[in-house]
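Thanks for making the time this morning. I would like to take you through one strand and its surroundings, so please have the structure open while I talk.

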Amino acid sequence: MGTTTGPRRCAQDRHPIRSRLQRIVVRLRESPMSAPSAVPGPRAPYVSSCLSSAPSTRRLRSAARAMLPFPEPESWLDVGTGEARFPRTAKELFPYTSFDGLDATLHVEWARQVERVEEAHVGVLTDPRIAARLRARYDVVSLLHHLPRTPDPRELHAAVAVLRPGGHLLLEAPDPHCAFAALLGERWLPRARGVRLLPLDDLRTELESQGCRVLVTDRHSAHVPQDLSAALALALPRSLPSWLATPLLATARALDHVLAPLLRRTRFSNTYRLIARREASAPSSTP
């Protein structure tokens with residue numbers, strides 16, 4: 001397990017039909033178990049769309065913008081990158097940075113072919129072969145909603161290990177202490193998915209034990225507007241006809257977005273962002 005390819009040049013928009021066919025081939029080759037965590041069980045498309053966590057370009061740009069106050073990185077690894085939508089967006093703000101991607105699926109191979117990343121690493125950070133190749137190589141490592149989907153607790157340590165001394169870790173994850181988590185219970189989407197929930201204080205303690213200094217904690221900017229529509233989608237009977245469910249879900253989704261500017265300023269904000277720096281004295285043991 002664990003392969004690396006790149007850099008290989010191929011213009012991103014020069015061959016759109018070939019690019020689309022390559023993406024279809026990659027998806028056909030993927031194992032169902034390699035897909036991102038989702039709520040189990042078949043659901044109608046209009047319900048599934050409310051349970052999707054695909055980030056908007058605005059959210060991706062907000063995450064990349066959080067790194068602007070720090071020195072411009074030469075190298076950046078996006079972990080769990082998929083089709084590398086985040087590196088493509090971050091490149092707009094960091095045009096001179098070399099972005100690499102790591103993912104357990106072959107989507108990252110397609111991303112390299114269309115130049116969204118320079119190098120594609122297929123596998124996981126805890127793979128000893130990947131860890132050895134990437135050790136202390138990057139100025140920034142981003143893990144955007146990746147750790148909750150990873151059952152291996154060594155993943156965080158492995159992410160720190162591929163940072164250069166002085167490099168930065170950018171991390172976003174659902175906040176299990178937000179008000180929506182308490183209010184919605186098992187119908188709060190991250191809990192319904194059964195992902196690993198990481199309290200911010202525990203994450204800070206773990207990073208500090210690994211020789212990192214936490215520079216930024218932000219419980220507001222990374223809010224994902226989906227709590228009401230996702231909870232309603234989980235609560236609706238699966239036998240409910242689409243002509244009735246669709247307007248209900250559309251109203252809930254609109255409400256999520258209308259309330260988002262207000263909610264992200266309160267304890268209802270459902271996602272935190274953390275930026276930490278690996279200190280020069282950080283241990284360099286293998287994960």
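**Strand E2 and what surrounds it**

Before anything else, please keep in mind that this is a predicted model, and that is how I will treat everything I say about it.

Let me begin with strand E2, residues 75-79, where 5 of the 5 residues are buried. If you look at the two faces separately, Ser75, Leu77 and Val79 lie on one side and Trp76 and Asp78 on the other, and all of these are buried, so to speak of either face is to speak of a covered one.

Which strands does E2 pair with? With strand E3, residues 98-103, it pairs in the parallel sense over 5 bridges, and with strand E5, residues 138-144, E2 pairs in the parallel sense over 3 bridges. Asp78 is a useful residue to follow here, since its bridge partner in E3 is Gly101, while in E5 Asp78 stands opposite Ser142. On the way from E2 to E3 you will find helix H4, residues 85-90, and E2, H4 and E3 together make a right-handed β-α-β unit.

Now to the aromatic residues, of which a search of the whole structure finds 4 pairs. One of them is formed by Trp76 and Phe99, a tilted pair with 5.1 Å centre to centre and 35° between the planes. Because Trp76 lies in strand E2 and Phe99 in strand E3, this pair ties together parts that are 23 residues apart in sequence. Both Trp76 and Phe99 are buried, and, together with Phe86 and Phe94, they form one aromatic cluster.

The other topic is the nonpolar interior. As background, nonpolar side chains in soluble globular proteins tend to be buried together. In this model the largest nonpolar core has 28 residues, and those with the most contacts inside it are Leu77, Leu125, Val141, Leu169, Leu171 and Leu207. Among the elements that give two or more residues to this core are E2, E5, helix H6 (128-134), helix H7 (155-161) and strand E6 (163-174).

What is Leu125 in contact with, once we leave aside its neighbours within four places in sequence? The contacts include Leu77 and Val79, together with Leu102, Ile130, Ala131, Leu134 and Val162, and Glu155, Ala158 and Ala159 are also among them. Apart from the largest core lies another one, of 15 residues, among them Ala63, Ala64, Phe70 and Ile275.

That is where I will stop, and I am happy to take questions.

Conventions:
Residues are numbered from 1 along each chain as its sequence is written. This is a predicted model: local features need pLDDT of at least 70, side-chain atom pairs count only at pLDDT 80 or more; totals for chains, interfaces and linings use all residues. Side-chain values use heavy atoms; hydrogens and water are left out. Buried means under 20% relative accessible area, exposed over 50%, partly exposed in between (1.4 Å probe, protein chains only). Helices (H or I, at least four residues) and strands (E, at least two) are DSSP runs, numbered from the N terminus. Two strands pair if DSSP finds at least two bridges between them. A crossover is right-handed if, with the strands pointing away from the viewer, the path from the first strand over the helix to the second runs clockwise. Rings of Phe, Tyr and Trp (its six-membered ring) pair if their centres lie within 6.5 Å; planes under 30 degrees apart count as stacked, over 60 as edge-to-face and the rest as tilted. A nonpolar core is a set of buried Ala, Val, Leu, Ile, Met, Phe, Trp, Tyr and Cys residues joined through side-chain atoms within 4.5 Å. Contact means heavy atoms within 4.5 Å.
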